[in-house]
Amino acid sequence: MSAYKAFKAQVPIAWSPNLYITLVRGMPGTRKLHRRTLEALRLGKCNRTVMRWNTPTVRGMIQQVKRLVVVETEEMYKSRKENQEKHRALRPPLIVSHQPPTPATQSS
């Protein structure tokens with residue numbers, strides 16, 4: 001599943017004092033107004049997440065670039081991060097044994 005579909009598969013946005021905004025599509029090829037809006041939101045690279053207060057100004061900026069970003073509430077963001085941590089399997093430690101080289105027998 002692509003990152004975009006994974007983000008969109010989350011629960012609908014409920015009211016929250018903080019919004020977590022993630023850039024899921026690249027900026028090349030977008031309008032200059034959209035690029036400036038993303039710069040104002042401090043989103044420079046794909047898959048970067050920023051936390052902003054839920055204000056009418058920020059919601060208006062999100063509305064402008066809604067096809068490029070995914071918005072999550074605090075609960076959604078925390079649950080997604082927990083799921084990602086659970087998904088990462090812990091690898092067993094790599095054990096390397098350094099045996100001293102055995103001396104070769106010399107025959108004359």
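Select Thr 22 first: this residue stands opposite Val 70 in strand β3. Strands here are DSSP runs of E with at least two residues, helices are runs of H or I with at least four, and both are numbered from the N terminus. The model is predicted, so local features need pLDDT of at least 70 and side-chain atom pairs count only at pLDDT 80 or more, while totals for chains, interfaces and linings use all residues. Residues are numbered from 1 along each chain as its sequence is written, and side-chain values use heavy atoms, with hydrogens and water left out.

**The sheet**

Next, select Tyr 20, which stands opposite Glu 72 in β3. Extend the selection to β1 (residues 18-23), which pairs with β3 in the antiparallel sense over five bridges; two strands pair if DSSP finds at least two bridges between them. Adding β2 completes an open sheet of three strands in the order β2-β1-β3, with antiparallel pairing. Because β2 and β3 (69-73) stand at the edges with a single partner strand each, one side of each has no neighbour in the sheet. From one strand to the next, the twist averages 30 degrees. Angles run from 0 to 180 degrees between N-to-C directions, along axes fitted to C-alpha atoms, for helices over the stretch in contact.

Keep β3 selected: five of its five residues are buried, where buried means under 20% relative accessible area, exposed over 50% and partly exposed in between (1.4 Å probe, protein chains only). Val 69, Val 71 and Thr 73 point one way from the strand, and Val 70 and Glu 72 point the other way.

**Helices on the sheet**

Now display α3 (residues 56-64), which packs on the sheet and touches β1, β2 and β3; contact means heavy atoms within 4.5 Å. Its direction makes about 25 degrees with that of β1. Within α3, select the buried residues Val 58, Met 61 and Ile 62. Viewed down the helix axis, the buried residues of α3 fall within an arc of 100 degrees, so they line one face; the arc is that of the directions from the helix axis to the C-beta atoms. Their cover includes β1, α2, β2 and β3. Rotate to the face turned away from the buried side to find the exposed residues Pro 56 and Thr 57.

Then show α4 (residues 74-87), which lies across β1, β2 and β3 and runs at about 100 degrees to β3.

**The core**

Select Ile 21, Leu 23, Leu 38, Leu 41, Leu 43, Ile 62 and Val 69, which touch the most other members of the largest nonpolar core, a set of 15 residues. Such a core consists of buried Ala, Val, Leu, Ile, Met, Phe, Trp, Tyr and Cys residues joined through side-chain atoms within 4.5 Å. The elements that give two or more residues to this core are β1, α3 and β3.

**Helix α2 and the loop after it**

Move to Thr 37 in α2 (residues 32-40). At 7% relative accessibility, Thr 37 counts as buried. Leaving aside neighbours within four places in sequence, Thr 37 is in contact with Met 61, Gln 64 and Val 65. The side chains of Thr 37 and Gln 64 are joined by a polar contact of 2.8 Å. A polar contact is a pair of N or O atoms within 3.5 Å; within protein, one must be able to donate a hydrogen and the other to accept it, and residues adjacent in sequence count only if both atoms are side-chain atoms.

Finish with Arg 42, in the loop between α2 and β2 (49-53). Arg 42 counts as exposed at 65% relative accessibility, and its phi is near 65 degrees, a positive value in a residue other than glycine. Asn 47 lies in the loop between α2 and β2, and its phi, near 60 degrees, is also positive in a residue other than glycine.
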